[in-house]
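Reader: I have just opened this structure and would like to go through it slowly with you. Could you take my questions one at a time?

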Amino acid sequence: MTEDGFLGGQLTLQQPRSGHRAGHDAILLAAATAAQPGDRVVDLGSGVGAAGLAVARRVGAIDLALVEIDPDLAQLARNNAAANAIRADVVILDVEADASAFADAALGPDSADVVLMNPPFNDATRHRASPDSVRQRAHVATATTLAGWVHVARRMLKSNGRLAMIWRADGLAEVLDALDRGFGSVEILPVHANAVSPAIRILVRAVKGGRAPLRLHAALVLNDESGVPNKWVQEVMAGKGGLPLARP
């Protein structure tokens with residue numbers, strides 16, 4: 001295990017030294033999540049809890065649930081919440097389980113104000129899977145992963161509830177297709193490693209039942225051409241602010 005600091009030391013997480021580890025994607029997702037104090041917030045596929053706990057640290061008093069299929073990672077998430085004095089319900093559950101399993105875990109229909117998720121998004125036909133089964137499950141998507149996870153979020157969210165997610169940039173068409181059923185007011189924030197390279201990620205905000213037209217934000221560039229980190233991004237990663245998608 002390692003003990004790693006996030007949000008400029010505001011959040012300390014224990015996580016496996018090898019296998020699936022939380023990093024930039026989780027913190028960017030948290031910074032793009034439009035949650036407010038008092039909201040019921042559900043982090044699907046939470047791993048050790050990085051994204052959901054980062055939202056709780058930024059926003060304050062939310063009603064947080066961390067959903068994770070792997071019992072060992074779920075236990076780490078539980079430990080991390082306690083170590084950071086953040087109240088969270090940790091649920092061991094496959095995101096693609098049926099509705100009754102979610103209802104049994106107090107995650108029934110129309111129960112959440114906000115859902116955030118970082119689904120496995122690497123294309124199995126183009127990505128060499130890791131021999132580590134936990135890492136493989138966390139990183140490699142099946143043909144039904146995206147649609148299945150979005151369906152679960154749609155079922156769980158209240159009317160006008162907000163979804164935040166991160167996906168690979170070349171899968172934008174898949175994301176828009178999945179969100180076409182039940183979501184609107186979609187906003188896309190492309191993430192680039194630097195100013196001259198194509199986007200590597202997209203951060204997405206969508207509203208259940210939303211009707212506003214699609215909005216494409218100016219790109220979030222992590223580093224300049226010389227590899228120097230973007231100062232604004234550094235502040236976001238240090239927990240000193242959110243991204244445009246996180247507005248109420």
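Reader: Is Arg168 buried or exposed?

Author: Arg168 counts as buried because its relative accessibility is 11%, where buried means under 20% relative accessible area, exposed over 50% and partly exposed in between, with a 1.4 Å probe and protein chains only. Please keep in mind that this is a predicted model, in which local features need pLDDT of at least 70, side-chain atom pairs count only at pLDDT 80 or more, and totals for chains, interfaces and linings use all residues. Residues are numbered from 1 along each chain as its sequence is written, and side-chain values use heavy atoms, with hydrogens and water left out.

Reader: Which residue does Arg168 meet in a salt bridge?

Author: Its partner is Asp170, with a distance of 2.6 Å from N to O; a salt bridge here is a side-chain nitrogen of Lys or Arg within 4 Å of a carboxyl oxygen of Asp or Glu. Elsewhere, Arg40, Asp63, Arg87 and Asp89 are joined into one network by salt bridges that share partners.

Reader: How many salt bridges are there in the whole structure?

Author: A search of the whole structure gives 13. One of them is between Lys208 and Asp110, whose closest N and O atoms are 3.1 Å apart. Lys208 belongs to strand S11 (residues 199-208) and Asp110 to the loop between helix H4 (99-104) and strand S6 (112-117), so this pair ties together parts that are 98 residues apart in sequence. Helices (H or I, at least four residues) and strands (E, at least two) are DSSP runs, numbered from the N terminus.

Reader: And are those two buried or exposed?

Author: Lys208 counts as buried, at 16% relative accessibility, whereas Asp110 is partly exposed, with a relative accessible area of 46%.

Reader: New topic: what lies over the face of Phe102?

Author: That is Arg155, at 5.2 Å from the ring centre; a charge sits over a ring if NZ of Lys or CZ of Arg is within 6 Å of the ring centre and within 35 degrees of the ring normal. Arg155 is also among the buried residues of H6.

Reader: How many residues of H6 are buried?

Author: Ten of its twelve residues are buried, so helix H6 is mostly covered; among them are Trp149, Val150 and Met156.

Reader: Last one: where is Glu225 found?

Author: Glu225 is in the loop between strand S13 (220-223) and helix H8 (231-237), and it counts as exposed because its relative accessibility is 65%. From C-alpha to C-alpha, Glu225 and Phe183 are 36 Å apart in space, and they are 42 residues apart in sequence.
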